[in-house]
Amino acid sequence: METKRCFANRFDDYKGALLDGHSKEALVPLIVAKIEKILKKVPIATETSDCCDGGLYDGPAGVAYMLYYVSECPRFISYKESYLKLAKQIIDVYVRYVDNESDVNMRAAFLLGGAGIYAVAAMIYKAMGLADFVKPLTKFRNLWEVCAPITFLECGSDELFVGRAGYLCAALVLKQKLGIEVLSPDQIKAICQTITESGMQYAKKKRKPFPLMYSYYGTEYLGAAHGLSSILQMLLSYNEYLPAVDRELVWQSMDFLMNQEQNCNWPAELGEIIQRENELVHWCHGAPGITYLFAKAYLINKKPRYLDTCVRCGELAWQKGLLKKGPGICHGVAGSGYVFLLLYRLTGNTKYVYRAQRFAEFLFSDEFKTGSNNVESIYSLFEGLSGTVCFLVDLIQPEKAEFPLFSVFV
């Protein structure tokens, strides 16, 4: 039976063999063709900032990150120079735009603003061997003072897209890709302390039965996009910078979140009852995104219950992850496929590579092409094909696979 939000998964499950048609040799030309399709769609400006909306999330800047990511894969060595050149052309426009951004709060935003742009620019410049990579790094570092005040954003200061969790996430990506701790220990501690204090104040004000909670535009989200799970994930990622008392608050809040599970999934916001026929099984809202928090918890303390939760999330993604909302990583098929690549890295079980291969296969099927929704920013990283390309690249290198700009292995 087909649910409203997803196609029925008619694939046989893993029987001990991977798919022949997904060899590295077969995937490379498919990926190159996808990139060519994206580059025909993306508005690459040279001197204007007319197309600078959307940031890394659904603007052309996300295409720059995708080109960088592909260029880092050894299988695309012959394309590396041309892809990086294009990536620089795109990101340079964004850097100029962000430099002139009058709203300093938007300059500190990760997926929708300047912090993410500066981080990706630094990665691209460094990959090209340019000494200029230090300039966007310095601009990124200087933004920490913007997001340090406890109420720097009225809509919600702590979430991933525009808040403090996003700023910490960008710093984590830079540490991973460049091997540089961009922020000082004192700066990291200050931001983490503000996040925990903000969560404590909100939880106390709203009389929550757990220590940390947050809201975004008045909604108490739980998922990765704007909610509790990604905020806690970032605090866990900087676990060593937290005082013992704050660390305990994070683990208590995470275990509370675990107890909000409803049949392998989580509601988009606290207190909702999931309607099974119409439930959200997305990275942005639901189990596929929350999986990354429990993966991080498992990597830190190896408690089986966290891995068991990830496995249950993977089963739900297998059942309901062939999403109709498009090919992307935020609420599309590639985002579901990334859950399997995460589980492969956690368990080493080849079953999960097979499942990811099946989801990739579905992206090329007539059923998906005719039955999925049209995506406005079809070239974009989170909603469109650039995220799909990252997913296909990671099928070539499953031992290195990571959800774009959201790795738990740092």
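This report walks through the fold of a predicted model, one helix within it and a few single residues.

Being a prediction, the model supplies local features only where pLDDT is at least 70 and side-chain atom pairs only at pLDDT 80 or more, while totals for chains, interfaces and linings use all residues. Residues are numbered from 1 along each chain as its sequence is written, and side-chain values use heavy atoms, with hydrogens and water left out.

**The chain as a whole**

Let's begin with the overall picture. The chain has 18 helices and zero strands; here helices (H or I, at least four residues) and strands (E, at least two) are DSSP runs, numbered from the N terminus. Its radius of gyration is 20 Å, close to the 22 Å that the globule rule gives for 410 residues, so the chain is as compact as a globular protein of that length. That radius is taken over C-alpha atoms, and the globule rule is 2.2 Å times the number of residues to the power 0.38. The C-alpha trace spans about 55 × 50 × 35 Å along its principal axes.

Of the 410 residues, 61% are buried, where buried means under 20% relative accessible area, exposed over 50% and partly exposed in between (1.4 Å probe, protein chains only). Among contacts (heavy atoms within 4.5 Å) with a separation of 6 or more, 70% join residues 24 or more positions apart. The accessible surface comes to about 16,000 Å², and carbon and sulfur atoms hold 49% of that area; such areas come from the Shrake-Rupley method with a 1.4 Å probe.

As for charge, the mean positions of the 44 positive and 44 negative charges are 3 Å apart. Lys and Arg count as positive, Asp and Glu as negative, and His and the chain ends are not counted. Each charge is placed at NZ of Lys, CZ of Arg, CG of Asp or CD of Glu.

**A covered helix and a buried glutamine**

Helix H18 takes in residues 385-396. From first C-alpha to last, its twelve residues reach 17 Å, close to the 16 Å expected at 1.5 Å a residue; the expected span is 1.5 Å times one less than the number of residues. How many of its residues are buried? Twelve of the twelve, including Phe391, Asp394 and Leu395. They pack against helices H1 (24-41), H3 (61-71), H15 (333-347) and H16 (351-363).

Gln357 lies in H16 and counts as buried because its relative accessibility is 5%. Leaving aside neighbours within four places in sequence, Gln357 is in contact with Leu18, Leu19, His22 and Leu395. Leu395 is itself one of the buried residues of H18.

**Loop residues worth a look**

Here are three loop residues, with their relative accessibility.

| Residue | Loop | Relative accessibility |
|---|---|---|
| Arg207 | between H10 (185-205) and H11 (228-237) | 76%, exposed |
| Lys208 | between H10 and H11 | 22%, partly exposed |
| Cys264 | between H12 (244-258) and H13 (287-301) | 22%, partly exposed |

Although Arg207 is not a glycine, it has a positive phi of about 55°. Cys264 is not a glycine either, and has a positive phi of about 75°.

What does Lys208 touch? Not counting residues up to four places away in sequence, Lys208 touches Tyr202, Ala203, Met213, Glu220 and Leu270. Lys208 and Asp158 are 50 residues apart in sequence, and their C-alpha atoms are 17 Å apart in space.
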